[in-house]
Amino acid sequence: VSLELKPGQVVALLGRNGVGKTTLVRCIIGLTPAKRGTILFKDTDITNMPSHHIARLGVGLVPQGRHVFRSLTVKEHLEVTARGHGQWGFDKVVELFPNLHSRLRSLAGRLSGGEQQMLAAARALVGNPALLLMDEPTEGLAPMMVRELGRTIEALKNAGTSILLVEQQLAFALRYADVVFIMSKG
């Protein structure tokens, strides 16, 4: 796979199940070792670098399936992952996801699926990423939450955050992406 993201660009990666989209995302963030090739982020080779180092360089992940810590509150999720004084501070993220503001003291395990997805995105944002990897973010969301997620992607793009959007919903991906890649064989 060869692709490039520019600042403030949304690149969608489409393809059927099992072709390697999630594996690519996991390689970029350092969760799955790359077998060959090179992954560059801001001219730094991050191939097979530990994921926590990659995150510190400015890469955020909204994983498929949300993966929130059920026993932590919404506020604890955001405090644990917050980094520096970038544009995505606690107050700005809560403003971007107003549903979470009223749920700050709620355990993540008690949130709806849509709220958990918003929490996963908010958790990635407070790390102030320059690149946000979003793996199947609309999976299992109600139409209203999908629209909210779309508004969030537009706001991130307008703020200069690059997004790699791995998505199954073609219409959603085409609406928000500047560039679309289709992976046919992993």
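Start at the surface: select L170, L174, V180 and I182, which together make a nonpolar surface patch of about 390 Å². Patches here are built from residues with over 30% relative accessible area and no salt bridge, joining like charges within 9 Å and nonpolar side chains (Val, Leu, Ile, Met, Phe, Trp, Tyr) within 5 Å. A salt bridge is a side-chain nitrogen of Lys or Arg within 4 Å of a carboxyl oxygen of Asp or Glu, and accessible areas come from the Shrake-Rupley method with a 1.4 Å probe, where for residues only the protein chains shown count as cover. Color α8 (170-176) and β7 (179-182) next, as these are the elements that give two or more residues to the nonpolar patch. Helices (H or I, at least four residues) and strands (E, at least two) are DSSP runs, numbered from the N terminus.

Before moving on, a word about what is on your screen. This is a predicted model, in which local features need pLDDT of at least 70 and side-chain atom pairs count only at pLDDT 80 or more, while totals for chains, interfaces and linings use all residues. Residues are numbered from 1 along each chain as its sequence is written, and side-chain values use heavy atoms, with hydrogens and water left out.

Now click on I182, in strand β7. Is I182 buried or exposed? I182 counts as exposed, because its relative accessibility is 68%; the cut-offs are under 20% for buried and over 50% for exposed, with partly exposed in between (1.4 Å probe, protein chains only).

Next, show helix α3 (residues 74-81) with helix α6 (residues 113-125): they pack at an angle of about 25°, and their axes lie 8 Å apart. That angle makes α3 roughly parallel to α6, a label for angles under 35 degrees (over 145 is roughly antiparallel, 65 to 115 roughly perpendicular, the rest oblique). Axes are lines fitted to C-alpha atoms, for helices over the stretch in contact, and angles run from 0 to 180 degrees between N-to-C directions.

Step to P63, in the loop between β4 (59-62) and α3. P63 counts as buried at 14% relative accessibility. Add M118 to the selection: P63 and M118 are 55 residues apart in sequence and 11 Å apart in space, C-alpha to C-alpha.

Finish with two backbone stops. N48, in the loop between β3 (44-45) and α2 (51-57), has a positive phi of about 60° although it is not a glycine. N48 is partly exposed, at 44% relative accessibility. E136, in the loop between β5 (131-135) and α7 (143-158), has a positive phi near 55°. E136 is buried, with a relative accessible area of 7%.
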